[in-house]
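Subject: Structure handover

Dear colleague,

I am passing on the structure below, as agreed, and my notes on its core and its charged pairs come after it. Please read them alongside the coordinates.

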Amino acid sequence: TQSRTTHPPQGAPFAAQSPTRCTFEEAQENFLRSLVGYSLVCYILQIKDRHNANILLDRSGNIMHIDFGYVLGDTTKMGKVPIFSETAPFKLSTEFWDVLGGWDLNKGGLGVKFCMMFEKAYACASLHREEIASLVEAMMLTLTENPRTANAMANGVRQRLKMKGPAGGQLQQKFIMDLVNAALTNWGTTSYDWLQKNMNGYR
């Protein structure tokens, strides 16, 4: 039998898309899982220019990033001067957090689950940090033909994927929470979205 569709809260981004494709809870879970994955990738590779026009949303709640012109520390500039620099480890806007429902588990909030999933995904990626760093180094060497630059980029990846303690330990959990809080409270995310909205009409 077909499950009954649960209507999402007013203003939820899935509401107008396709109310019969999946329930709000299913779409919210899809949003959570895709947000965890993209957040980790954006942190590892330092993908920037993450305004709202470069983050898409499908009818099932999955987010998809596009336009990877600024990576590994490169950021948008006006002339030679960085403007409204995106200093967050990854984009975790208040709108994203609202979709997750915040921290309160009793009210269906998925914030804690996001942190737990991010921690596990980070630990998994850390096991392969040499392979990831080597791929980045090979790519940058091809693009720049500068071994020193390529090695520096690869070392940055290694550093970002370095565990601060055993998986599940207090030091590692604190590191993950610090990353999440830094992303969630970063003023650069809000100001960059504001800039892109006013300059280019991106909402």
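The notes below begin with the core and then turn to the salt bridges.

This is a predicted model, in which local features need pLDDT of at least 70 and side-chain atom pairs count only at pLDDT 80 or more, while totals for chains, interfaces and linings use all residues. Residues are numbered from 1 along each chain as its sequence is written, and side-chain values use heavy atoms, with hydrogens and water left out.

The largest nonpolar core (buried Ala, Val, Leu, Ile, Met, Phe, Trp, Tyr and Cys residues joined through side-chain atoms within 4.5 Å) has 38 residues, and those with the most contacts inside it include Leu35, Phe90 and Phe118. Helix 1, a DSSP run of H or I with at least four residues, numbered from the N terminus, gives the most to this core, with eight residues. Not counting residues up to four places away in sequence, Phe118 touches Val36, Ser39, Leu40, Phe90, Ile176 and Leu179, where contact means heavy atoms within 4.5 Å.

There are five salt bridges, each a side-chain nitrogen of Lys or Arg within 4 Å of a carboxyl oxygen of Asp or Glu. Glu29 pairs with Arg33, their closest N and O atoms being 3.0 Å apart, and both residues lie in helix 1, four residues apart. Glu130 and Arg158 also meet in a salt bridge, at 3.1 Å from N to O, and this pair links helix 4 to helix 5 across 28 residues. Arg158 is buried at 17% relative accessible area, whereas Glu130, at 40%, is partly exposed; buried means under 20%, exposed over 50% and partly exposed in between, with a 1.4 Å probe and protein chains only.

Best regards

Notes: Helix = DSSP H or I, 4+ residues; strand = E, 2+ residues; numbered from the N terminus.
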